[in-house]
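Visitor: I am new to this structure. Please show it to me, and then let us talk it through.

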Amino acid sequence: MCGIVGYLGKRNAYPVLIKGLKRLEYRGYDSAGVALLTDEHKLNVYKAKGKVADLEAYASDKDISGTVGIAHTRWATHGEPNTANAHPHMSSSGSLAMIHNGIIENYSVLKKQLIEKGVEFKSSTDTEVLIQLIDYIKTTSKVDLLTAVRSALRSVIGAYAIAILDKDNPDEIIAARKSSPLVVGIGEEEFFIGSDASPIIEYTNKVVYLDDEDIVVLNRNKEPQYVDFDNTKVDHDVTEVDLNLAQIEKGGYPHFMLKEIYEQPDCLKDCMRGRINVEANNVTLSAIIDNRKHLINPRRIIIVACGTSWHAGLIGKQLIEDFCQIPVEVEYASEFRYSNPVINNQDVVIAISQSGETADTLAAIELAKSKGAFIYGICNAIGSSIARATHTGSYIHVGPEIGVASTKAFTGQVTVLTMLALALGKERGTVDQQRYTTVISALENIPSLMLQLLEQGDMIRDISRVFTYAHNFLYLGRGYNYPVALEGALKLKEISYIHAEGYPAAEMKHGPIALIDEEMPVVVIATQNELHDKVLSNIQEIKARHARVIAIISKGDETVKKLADATIELPETEKCLEPLLASIPLQMLAYYVAIAKGKDVDQPRNLAKSVTVE
Ligand code: G6P
């Protein structure tokens, strides 16, 4: 949450910073700001409530010169989203400006101490407390900025990625991180910083991922200097990022979300590349080969995740239990981290996270690690904190996901979980050879079936328009499709602000049925399987209460077609792979309902893509 970007070099900093903020806007978008140091050593700070475009409009008649600057797009934690609380924050002396992503948990104690010493505050943010503290130490102890930063950070509890500009030292940016991501970009006589690599890759593919409690000093005339809080030098390798601009731009689509929905066939091919070999009848995940002794025979597996990734985890549980006969529990990372789990070194924890930065998931990993569990990560963001905190893992390789509502990451996660269940099941001898073969070739065929489904986009758009009147939606599914119902409901509420609930279809009669009337559409995933007749009865019960039914059905299912008000047909596949197909029309349904209601699908209110705070 919150995006930070910085530039120091020969170019005008402002355009680089604004472009960078736009790339990071998925991380938060309730206010934005920029600080620039001009050649005349003037520190200009501009801030605006709202999006980066509002900041641009505000700064359009201002002095935006300068070759060094820092900028921020905010997702409010402390203090309402207004201009005063927007970043950058300045110290009272006016010489330091700082941007911050994270939370300073002990800010109120520090603030009280500073107020007692006569420091005046302009905002109600935790960030201002930190920059005032740094300036207070710098001026009262007469030390340089780096020493003051090190000293201040030692007294701070919380999570942060920060970057600081000093009016008296216009050739330098100092940045630091703890539990919030920070990447340094190394160009030709220029440096960049970013919450991720997306604001940087246009200029250089050479990056350094900072570790917790690292401080970096970027100076125009020197190599970057990395130190820890005790001023001990830290060595960092420069990594080459494999990202291109097309991957993070809209490519002709009106929204990132739609682009990402349509990208899924290609993304899943990338996800499976080198891992699935139909001719050789094999699924290979290097993490399993390399860590056989930890993974082959665990007492049980615990999956920890949040949001959409948790829904993928629910599907993962069914896959792993089905193919591997290992008991699996799925926990919300936010609950797990504060529980007292019975867990030891015979357990495997699978942490699923698109961003690889979710604070609760990271904390859940640390707890499981402290109890001796072996940790397997399933992440999208390469080099992210979670990817680095785990013992091993498999990337989903679906490319950057920018739309706040997760789409391609979900299907990528489910694909990796399917491959994991197949590979582990084979190693353990718990999967029938014939089934293994059938599922592998069906999985490889999923991208082409997805393409067929995506061709129904216009039809799904037309269906969606009919349902914009609703204030509530119910989503029902069973077995492998129960988590799909949960995910479909989450998609709708995230971007259209329509209340939606997902339920296992048979549970409908234990509560939700009381809500059903002609005003409440019900989405039913009613594909052909052994429970089809039972779901059919649910549809009849819904129709008897005059609600409209949108049914996701197997191709050619005339029985449900006659009952439902709208149907979307899925191509035939293995039952365990249906979530990969059934989720596509539900993503599109949510997208088109939100569009018809005029909502901002890529940046829905109050949400952020990367939740780096609790
Ligand atoms: C936020 C995002 C969701 C995401 C969840 C978990 O709530 O808006 O789309 O599913 O965080 O994020 P992660 O990056 O850990 O998968």
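Visitor: Which class, nonpolar, polar or charged, has 17 residues in the lining of the largest pocket?

Guide: This is a predicted model, where local features need pLDDT of at least 70, side-chain atom pairs count only at pLDDT 80 or more, and totals for chains, interfaces and linings use all residues. Residues are numbered from 1 along each chain as its sequence is written, and side-chain values use heavy atoms, without hydrogens and water. Ala, Val, Leu, Ile, Met, Phe, Trp, Tyr, Cys and Pro count as nonpolar, Asp, Glu, Lys and Arg as charged, and the others, Gly among them, as polar. Polar and charged residues number 13 each in this lining, and the class with 17 is nonpolar.

Visitor: What is the volume of the largest pocket?

Guide: On a 1 Å grid over the protein atoms alone, a pocket is an open set of points where a 1.4 Å probe fits, with protein on both sides within 12 Å along at least five of seven lines; lining residues have an atom within 4 Å of a point. Points are joined across faces, edges and corners, and a volume is the space filled by probe spheres set on them. Leu243, Asn380, Ala381, Gly399 and Pro400 lie nearest the centre of the largest pocket, among 43 lining residues. Its volume is about 900 Å³.

Visitor: Which element gives the largest share of the lining of the second largest pocket?

Guide: Helices (H or I, at least four residues) and strands (E, at least two) are DSSP runs, numbered from the N terminus. The second largest pocket has 32 lining residues. Five of them, the largest share, come from α10.

Visitor: Which strands are the edge strands of the open sheet?

Guide: Two strands pair if DSSP finds at least two bridges between them. The sheet has six strands, paired antiparallel in the order β5-β6-β7-β8-β12-β13. Those that pair on one side only are β5 (89-90) and β13 (225-227).

Visitor: Where is the cis peptide bond, with omega near 0 degrees?

Guide: Look in the loop between β4 (68-74) and β5, where proline 88 is found. The cis bond runs from histidine 87 to proline 88.

Visitor: Is glutamate 189 buried or exposed?

Guide: Glutamate 189 is found in the loop between β9 (183-186) and β10 (191-194). Its phi is near 55 degrees, a positive value in a residue other than glycine. Buried means under 20% relative accessible area, exposed over 50%, and partly exposed in between (1.4 Å probe, protein chains only). Glutamate 189 has 60% relative accessibility, so it counts as exposed.
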